[in-house]
Amino acid sequence: MSKVCLLTGKRPIYGNTVSHANNHVRTRFEPNLHTKRIWIEEEKRFVKVKLSAKAMTIIAKTGTATLAKLLK
């Protein structure tokens, strides 16, 4: 499975880590993803999804209606 958030679309980005001596080393910055089982009330079932921490905050505030639209 890819490392992409289902709700926000966050995915890995590439960049440099820069040391104190200004040495640049290419690296991959991963999104903060978590696999969750979420109850979708409209469909009366659990759904297992990969969500970022930001997406979990959005779901906590707005409910699972936005997630249900994406799963259809």
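Leaving out its neighbours within four places in sequence, threonine 64 is in contact with Ile38, Trp39, Ile40, Glu41, Glu42 and Ile59. That list comes from a predicted model, as does everything else described here. Threonine 64 sits in the loop between helix H1 (53-62) and helix H2 (65-71). Its relative accessibility is 19%, so threonine 64 counts as buried, the cut-off for that label being under 20%.

Two of the contacts of threonine 64, Ile38 and Ile59, lead straight on to the nonpolar core. The largest such core has eleven residues: Cys5, Leu7, Ile38, Ile40, Val47, Val49, Leu51, Ala55, Ile59, Leu67 and Ala68. Who supplies them? Strand E3 (33-40), strand E4 (45-52), H1 and H2 are the elements that each give two or more residues to this core. E4 hands over the largest share, three residues. Alanine 55, one of the core members, touches Cys5, Leu7 and Thr8 once its neighbours within four places in sequence are set aside. Cys5 and Leu7 also belong to the core.

Next come the aromatic rings. A pair of aromatic rings is described by the distance of the centres and the angle of the planes. There is one aromatic pair in the structure. The ring centres of tryptophan 39 and phenylalanine 46 are 5.1 Å apart and the planes stand at 70 degrees, so the pair is edge-to-face; an angle over 60 is what earns that name. Neither label at the extremes applies to these two: tryptophan 39, at 37% relative accessibility, counts as partly exposed, and phenylalanine 46, at 44%, counts as partly exposed as well. Phenylalanine 46 has another partner, since arginine 37 lies over the face of its ring, at 4.0 Å from the ring centre. Tryptophan 39 turns up among the contacts of threonine 64 too.

On to the charged side chains. How many salt bridges does a search of the whole structure find? The search gives four. In one of them, the side chains of lysine 3 and glutamate 30 meet at 3.9 Å, N to O. This pair links distant parts of the chain, with lysine 3 in the segment before E1 and glutamate 30 in the loop between E2 and E3, 27 residues apart. Glutamate 30 also meets arginine 28 in a salt bridge, at 3.0 Å, N to O. Put together, Lys3, Arg28 and Glu30 are linked in a network of salt bridges. As for how open these residues are, lysine 3 counts as partly exposed at 41% relative accessibility, glutamate 30 is partly exposed at 39%, and arginine 28 counts as partly exposed at 39%. Elsewhere, the side chains of arginine 45 and glutamate 43 form a salt bridge at 2.6 Å, N to O. Arginine 45 counts as partly exposed at 39% relative accessibility, and glutamate 43 is partly exposed with a relative accessible area of 26%.

Finally, a couple of residues have an unusual-looking backbone angle. Asparagine 22 has a positive phi of about 65 degrees although it is not a glycine. Asparagine 22 is in the loop between strand E1 (13-18) and strand E2 (24-29), and its 52% relative accessibility makes it count as exposed. Lysine 44, not a glycine either, has a positive phi of about 55 degrees. Lysine 44 is in the loop between E3 and E4 and counts as exposed, at 55% relative accessibility.

Technical notes: Residues numbered from 1 in each chain as written. Predicted model: local features only at pLDDT ≥ 70, side-chain atom pairs only at ≥ 80, totals over all residues. Heavy atoms only, no water. Helix = DSSP H or I, 4+ residues; strand = E, 2+ residues; numbered from the N terminus. Buried < 20%, exposed > 50% of the residue type's maximum accessible area, 1.4 Å probe, protein only. Contact = heavy atoms within 4.5 Å. Core = buried A, V, L, I, M, F, W, Y, C linked by side-chain atoms within 4.5 Å. Phe/Tyr/Trp six-rings, centres within 6.5 Å; stacked < 30°, edge-to-face > 60°. Lys NZ or Arg CZ within 6 Å of the ring centre and 35° of its normal.
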